[in-house]
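Please go through the questions below with the model on screen. Each answer works from the computed values to the name or number asked for.

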Amino acid sequence: MTGASKPEREWSVREYRDGDEEQILELRGMVLRGNKDKQWWRWMYRDGPAGPAAVMVAEAKQRIIGHMASIFVPLKVGGRTTLGDHGMDLMVHPYYRRQGIFKMLGMKLRELTRAKEWSLAYGTPDDESYQGFVTRLNVLDIGELPFLFKVIDWGAVLKNRYNIPTFAGQLLGNTRELITGRRRLPKDTGIKVEEITSFD
């Protein structure tokens, strides 16, 4: 007895075409935080100071349901400038998730950037997409960028967050600083950073 066959894939992946940004921005408004307009998108990906980006989209029923892009980044290596790319704005419509769109977008984008002879790719994925990059696209994790900050005015923070009067917040903040005056530094990952003059 055979099980039910999987439904045929309804989507395809292609390179960005002029005019796609309207649907890309609709998808972005649904999937990512922050509203952006066409002017921002064109500056970031098409007409930006770093040059045109590599952009792949997934399409189903003539609607864009996925997006992944890499912006061009000049990198200085020793005395020479080489080309790299920074992955940006991975998005997949909620209805179409878990169908392989993430992996296909990533593979096609990698092909496109390699054809442009960009020598190095890097990204800073969020928690949601990190696992996909590492497991599905074999991206190397070179470590975390720690989020470090110093509160300058505890009174303002505690008033805004907990509605504690400013003077009481300052007193609490000053007391906390005295008790926990030392900074917590990121744990040692074993990765060493050193200056190099060339790489293969």
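**Packing, surface and cores**

Q: Which elements do the buried residues of α1 pack against?
A: The buried residues of α1 (buried: under 20% relative accessible area; exposed: over 50%; partly exposed: in between; 1.4 Å probe, protein chains only) pack against one helix-numbered and three strand-numbered partners. Contact means heavy atoms within 4.5 Å, and helices (H or I, at least four residues) and strands (E, at least two) are DSSP runs numbered from the N terminus. The partners are α2 (38-46), β2 (54-60), β3 (63-77) and β4 (80-92).

Q: What kind of model is this, and how are residues numbered?
A: This is a predicted model, in which local features need pLDDT of at least 70 and side-chain atom pairs count only at pLDDT 80 or more, while totals for chains, interfaces and linings use all residues. Side-chain values use heavy atoms, with hydrogens and water left out, and the numbering runs along each chain as its sequence is written, from 1.

Q: In what order do the elements run from the N terminus on?
A: The chain has six helices and five strands. Read from the N terminus on, the order is β-α-α-β-β-β-α-β-α-α-α.

Q: What share of the residues in the chain is buried?
A: The chain exposes about 15300 Å² (Shrake-Rupley method, 1.4 Å probe; for residues, only the protein chains shown count as cover), and carbon and sulfur atoms supply 53% of that area. Among contacts between residues at least 6 apart in sequence, 61% join residues at least 24 apart. Of the 200 residues, the buried share is 31%.

Q: What arc do the buried residues of α1 cover around the axis?
A: In α1 (residues 21-31), the buried residues are Glu21, Ile24, Leu25, Leu27 and Arg28. They are on the same side of α1 because the arc they cover around the axis, taken from the directions from the helix axis to the C-beta atoms, is only 160°.

Q: Within what arc do the buried residues of α5 fall?
A: Helix α5 (residues 154-162) buries Trp154, Gly155 and Leu158. Seen down the axis, these residues line one face of the helix, because they fall within an arc of 100°.

Q: Which residue follows α5, and what is its phi near?
A: The residue has a positive phi. The residue is Asn163, and its phi is near 60°.

Q: Which residues does Thr166 contact, leaving aside its neighbours within four places in sequence?
A: Thr166 belongs to helix α6 (residues 166-179) and is partly exposed, at 33% relative accessibility. One of its contacts is 11 residues away in sequence, with a C-alpha to C-alpha distance of 4.6 Å: Gly155. With neighbours within four places in sequence left aside, Thr166 is in contact with Gly155 and Lys159.

Q: How far is Glu10 from Gln99 in space, C-alpha to C-alpha?
A: Glu10 sits in the segment before β1 (11-15) and is partly exposed, with a relative accessible area of 44%. Beyond four places in sequence, its contacts are Glu59, Ala60, Lys61 and Tyr96. Glu10 and Gln99 are 89 residues apart in sequence, and their C-alpha atoms are apart by 9.8 Å.

Q: What is the relative accessibility of Gln62?
A: Lys61 is found in the loop between β2 and β3, and its phi, near 55°, is a positive value in a residue other than glycine. Gln62 lies in the loop between β2 and β3, with a positive phi near 60°. Lys61 is exposed, with a relative accessible area of 65%. Gln62 counts as exposed, at 69%.

Q: Which element gives the most to the largest nonpolar core?
A: A nonpolar core is a set of buried Ala, Val, Leu, Ile, Met, Phe, Trp, Tyr and Cys residues joined through side-chain atoms within 4.5 Å. Of the 18 residues in the largest one, those touching the most other members are Ile24, Trp40, Trp41, Met44, Tyr45, Val55 and Ile71. Two or more residues come from each of α1, α2, β2, β3 and β4. With five residues, the element that gives the most is β3.
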